[in-house]
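This report introduces the structure shown below to a reader who has not met it before. It moves from charged pairs to the overall fold, and then to the interior and the surface.

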Amino acid sequence: MDSLKHKTIRGLWWSFLETLGMQGTRFVIGIVLARLLFPEQFGLIGMLTIFMAVAQVFLDSGFGAALIQKRDPTPTDISSIFYFNLAVGMLAAGLLCLVAPWIAAFYGQPILTPLTRAFSLTIVINSFGLVQTTILEKQINFKALTKVSLVANGLSGIIGIAMAISGFGVWSLAIQQISGSLLRVVIVWFLNDWRPALVFSIASLRQMFGFGSRMMVSRLLNQFFNNIYLPVVGKFYSATDLGFFTRATSLEQLPSHTLSAMVGKVTFPVFASIQDDPIRLKRGLKKALTTLVLINFPVMIGLVAVSRPLILVLLTEKWEESIPYLQLLSLAGATYALHLINLNLLQALGRSDLFLRLEILKKLLTVMNIVVTCRWGISAMICGEVILSIAAYYLNSYYTGILIGYPIREQVRDLFPYLALSIFMGVSVHAIGFLPFPNNWYLLITQIISGGLIYVSLCRLFRLDAFMEVWHIGWSKLSFLGTKV
């Protein structure tokens with residue numbers, strides 16, 4: 001147990017550095033590019049996002065999750081998945097090239113034909129690095145993945161900015177992503193000493209196909225419907241409207257997906273390693289949930305409160321129409337971590353059948369939301385998404401209550417104090433916005449500092465469990481560094 005705990009803490013630390021470095025680099029680069037380019041150029045890339053996301057799921061085909069979930073995969077298993085990924089990657093890229101003219105015709109944007117074909121290169125490139133990355137995740141070796149993310153994102157971002165300055169427009173965004181994929185694959189091959197053997201076994205793939213195929217369908221549905229608003233907005237509104245929407249989405253996902261990805265990548269292999277011990281699973285799930293919301297709730301609610309000065313300061317007034325989208329998306333993002341951790345438990349237990357069932361039901365609700373709300377505008381669709389995110393949490397936690405005895409009512413009881421303090425902090429920060437400030441910079445800095453002080457003070461006052469544990473770990477680390485110095 002101590003060894004697993006040590007690996008988990010170390011994995012969380014390096015996952016934190018990887019995710020923070022990756023998202024932080026993307027954030028800075030995205031801000032620079034947003035100042036150099038125009039909303040409609042980001043909108044063009046947003047039109048292709050759903051196609052690339054779906055192709056990426058087909059590329060993995062669920063075998064990455066199956067490789068992590070399987071206790072002792074053989075060298076034949078791993079090599080077979082590698083060659084399968086290569087074949088699927090080439091097939092998916094070829095299909096994207098063929099349908100590129102139809103994608104351009106759907107949106108009425110001829111430039112999407114060459115853009116789609118250029119982006120198809122990322123699918124082929126990524127196919128060479130999936131197994132190596134999965135092996136590192138299974139080993140909870142996020143130190144290596146941190147190096148990969150920081151170097152690849154940093155260098156590709158520099159390439160994208162240089163091209164934007166040189167006047168390449170939307171192609172600077174395309175080359176940034178293609179070069180990022182290439183750099184990640186090259187670096188992960190350098191850091192991981194695993195190499196494919198000249199062996200391929202249909203039997204190995206078939207053995208993992210039951211779990212992997214259901215995970216593939218689940219993730220396919222998830223990626224398609226996570227991005228379904230992009231083609232809807234791109235088709236029924238303008239590329240500029242889609243640009244505002246995608247920029248708001250990027251800002252919202254920076255905190256919500258950063259934290260969730262950090263913990264999610266670690267909890268899946270950790271949960272899988274203790275899948276036969278429901279008591280430890282329940283304890284681990286509770287700790288993961290409370291630790292996540294300790295940070296996610298105040299950050300997302302705080303983002304609602306500071307969205308106006310944040311966008312005006314970082315992106316300038318040309319992105320002002322993104323403000324209401326960011327506020328609404330942040331409310332939906334507050335529940336994202338809750339979905340992810342509950343679903344990770346199902347994966348770790350090998351219940352991809354339940355995972356798939358939940359995904360199908362949630363996606364049907366998403367379709368209903370789009371049909372009902374799209375006629376009233378983008379904000380109406382996001383309002384419907386906020387309601388759906390709450391309903392989805394109930395659905396995702398339903399089987400958690402059955403499988404390990406941790407139902408939603410118990411989860412909500414454990415999470416409510418963090419939500420209550422976050423709401424109080426958010427209202428206080430919003431009220432600061434009514435005070436006179438010389439400019440938005442002063443307002444933004446005052447709101448962020450005030451919100452942090454209010455929330456930390458309240459958590460300390462009420463001695464919330466997750467906060468006190470993080471507090472003691474932080475002080476012990478500082479004390480250790482002090483003795484070293």
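A salt bridge is counted here when a side-chain nitrogen of Lys or Arg lies within 4 Å of a carboxyl oxygen of Asp or Glu, and a search of the whole structure by that rule finds six of them. The model is a predicted one, in which local features need pLDDT of at least 70 and side-chain atom pairs count only at pLDDT 80 or more, while totals for chains, interfaces and linings use all residues. Residues are numbered from 1 along each chain as its sequence is written, and side-chain values use heavy atoms, with hydrogens and water left out.

Three of the salt bridges are set out in this table.

| Pair | N to O distance |
|---|---|
| E410 and K282 | 3.2 Å |
| D414 and K286 | 3.9 Å |
| R308 and E320 | 3.0 Å |

Helices (H or I, at least four residues) and strands (E, at least two) are DSSP runs, numbered from the N terminus. E410 in helix 17 (residues 408-432) and K282 in helix 12 are 128 residues apart, so that their salt bridge links distant parts of the chain. K282, E410 and R413 are also linked in a network of salt bridges. D414 in helix 17 and K286 in helix 12 likewise form a pair that links distant parts of the chain, 128 residues apart. R308 lies in helix 12 and E320 in the loop between helix 12 and helix 13 (323-333), so this pair ties together parts that are twelve residues apart in sequence.

How covered are these side chains? A residue is called buried under 20% relative accessible area, exposed over 50%, and partly exposed in between (1.4 Å probe, protein chains only). D414 counts as buried because its relative accessibility is 16%, whereas K286, at 37%, counts as partly exposed. K282 is partly exposed at 27%, as are R308 at 41% and E320 at 34%.

Taken as a whole, the protein has 19 helices and zero strands, and buried residues make up 53% of its 485 residues. Contact means heavy atoms within 4.5 Å, and of the contacts with a separation of 6 or more, 83% are between residues 24 or more positions apart.

A nonpolar core is a set of buried Ala, Val, Leu, Ile, Met, Phe, Trp, Tyr and Cys residues joined through side-chain atoms within 4.5 Å. The largest such core has 91 residues, and those with the most contacts inside it are L33, L112, F245, L285, L315 and Y418. Helix 12 (residues 278-314) supplies the largest share of this core, 16 residues. Apart from it lies another core of nine residues, among them L67, I81, F82 and L205. Leaving aside neighbours within four places in sequence, L315 is in contact with I31, A34, R247, L251 and L310.

Helix 6 (residues 130-138) is mostly covered, with seven of its nine residues buried; these are L130, V131, Q132, T134, I135, L136 and E137.

On the outside, L91, L95, L98, V99 and W102 make a nonpolar surface patch of about 560 Å². Patches of this kind consist of residues with over 30% relative accessible area and no salt bridge, with nonpolar side chains (Val, Leu, Ile, Met, Phe, Trp, Tyr) joined within 5 Å and, for charged patches, like charges joined within 9 Å. L91, which belongs to helix 4 (residues 75-107), is exposed, with a relative accessible area of 55%.

Terms used. Areas by Shrake-Rupley, 256 points an atom, 1.4 Å probe, with all protein chains shown as cover.
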